[in-house]
Amino acid sequence: MLMNRLVLALIPARKGSKGLPGKNRSLLLGRPLVDYTLDAAISAPSIDETWLSSDDEEILSLGVQRGVRILRRPDAFASDTASAMDVVDHWLTELPAEVKAQDPLIVYLQPTSPLRTAGHIEQCLALLESAKSSCLLSVVEMEKSPYKAFKIDANGRLESLFDERLSNQRRQDLPKVFLPNGAIYIFGLSDYERRGGFPSNGSLSFEMSRDDSTDIDDQSDMEKVQRILEKRHG
């Protein structure tokens with residue numbers, strides 16, 4: 001319970017994946033990828049209950065072993081075109097009315113961010129509590145500044161995406177710019193319903209390192225994370 005609010009984690013882990021077949025149950029140092037996120041959620045003291053949404057029986061079986069709430073996701077919400085909002089909306093249809101009435105905080109944790117830990121989650125929740133806020137996104141600093149970006153017009157000529165003067169400045173003199181890294185999204189149920197989706201503008205930010213922000217899309221990402229973990233654990 002945080003700020004007298006129920007805190008629920010939701011982990012979306014579908015069976016399919018274009019970049020890496022069976023990605024969420026692919027082994028990373030002998031453990032299914034999704035297990036790293038299950039471990040982070042279970043080990044975070046501020047999370048009251050963890051839900052695992054999947055169309056994969058093997059993943060759901062792992063969720064049962066880890067003692068989390070499981071939700072079988074219909075094919076319509078597990079396709080390549082299904083969005084994160086589709087996953088949340090389906091979950092909300094299964095969430096008991098008395099739980100929804102409490103306007104819980106939702107901690108959305110994608111299993112493709114295995115280097116996000118319980119420590120990161122706790123830091124985010126502590127930040128929310130101190131700021132008396134209910135929305136947060138984890139981010140990573142962009143390596144390339146969009147202030148130096150151009151688009152090409154119909155005549156094939158460059159046009160600055162922003163003020164041309166910014167494109168001529170040194171990168172160090174430009175504002176730092178960040179992207180959501182996909183590791184941690186936190187929002188109140190009422191925020192989600194009011195915004196019609198994941199809140200972003202006005203949310204608190206939690207900056208993570210480039211290594212910890214690694215999002216697994218293909219085999220090369222898996223190999224990168226394996227090298228990082230092996231280096232950290234000797």
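Which residues of helix α3 are buried? I will start there, and note that this is a predicted model. Helix α3 covers residues 84-94, and its buried residues are V87, V88, H90, W91 and L92. As background, an α-helix has 3.6 residues a turn, so residues three or four places apart point the same way. As for what lies over those buried residues, the cover includes strands from several parts of the chain, among them β1 (7-12), β4 (49-54), β5 (69-72) and β6 (105-108). Helices α4 (97-100) and α7 (189-195) are also included in that cover.

Next, the charged side chains. Side chains of opposite charge can pair when their charged atoms come close. The count of salt bridges comes to twelve, and I will go through three of them.

The first one I take is R31 with D35, where the closest N and O atoms are 3.1 Å apart. The two partners sit in different accessibility classes, because R31 is partly exposed at a relative accessible area of 27%, whereas D35 is buried at 9%.

The next is D39 with R66, again a side-chain salt bridge, with an N to O distance of 3.1 Å. D39 belongs to helix α1 (residues 33-43) and R66 to helix α2 (residues 57-66), so this pair ties together parts that are 27 residues apart in sequence. D39 has 30% relative accessibility and counts as partly exposed; R66, at 27%, also counts as partly exposed. How are R31, D35, D39 and R66 connected? They are linked in a network of salt bridges.

The last pair on my list is D163 and R165, whose side chains meet in a salt bridge at 2.7 Å, N to O. D163 is partly exposed, with a relative accessible area of 32%, while R165 counts as exposed at 63%.

Now the second largest pocket. Rolling a probe the size of a water molecule over the atoms shows where empty space is left. How much space lies in this pocket? About 240 Å³. The second largest pocket has 14 lining residues, and those nearest its centre are Y36, P114, T117, L229 and H233. Helices α1 and α8 (219-232) each supply at least two residues of the lining. The most comes from α1, which gives four residues. Helix α1 is also where D39 of the salt-bridge network is found.

On the surface, there is a nonpolar patch formed by F150, I152 and L158, and together they have about 340 Å² of accessible area. L158 is in strand β9, residues 158-160. Is L158 buried or exposed? It counts as exposed, because its relative accessibility is 60%.

Finally, some backbone geometry. Most residues other than glycine have a negative phi, and most peptide bonds are trans. Two residues here are worth listing in that context. L29 is not a glycine, yet it has a positive phi of about 50°. It lies in the loop between β2 (27-28) and β3 (31-32), and at 39% relative accessible area L29 is partly exposed. K132 is likewise not a glycine and has a positive phi of about 50°. Where is K132? In the loop between α5 (118-131) and β7 (136-141). K132 is exposed, with a relative accessible area of 74%.

Conventions:
Residues are numbered from 1 along each chain as its sequence is written. This is a predicted model: local features need pLDDT of at least 70, side-chain atom pairs count only at pLDDT 80 or more; totals for chains, interfaces and linings use all residues. Side-chain values use heavy atoms; hydrogens and water are left out. Patches are made of residues with over 30% relative accessible area and no salt bridge: like charges are joined within 9 Å, nonpolar side chains (Val, Leu, Ile, Met, Phe, Trp, Tyr) within 5 Å. Accessible areas come from the Shrake-Rupley method with a 1.4 Å probe; for residues, only the protein chains shown count as cover. A salt bridge is a side-chain nitrogen of Lys or Arg within 4 Å of a carboxyl oxygen of Asp or Glu. Buried means under 20% relative accessible area, exposed over 50%, partly exposed in between (1.4 Å probe, protein chains only). Contact means heavy atoms within 4.5 Å. On a 1 Å grid over the protein atoms alone, a cavity is a set of points where a 1.4 Å probe fits but cannot get out, and a pocket is an open set with protein on both sides within 12 Å along at least five of seven lines; lining residues have an atom within 4 Å of a point. Grid points are joined across faces, edges and corners, and a volume is the space filled by probe spheres set on the points.
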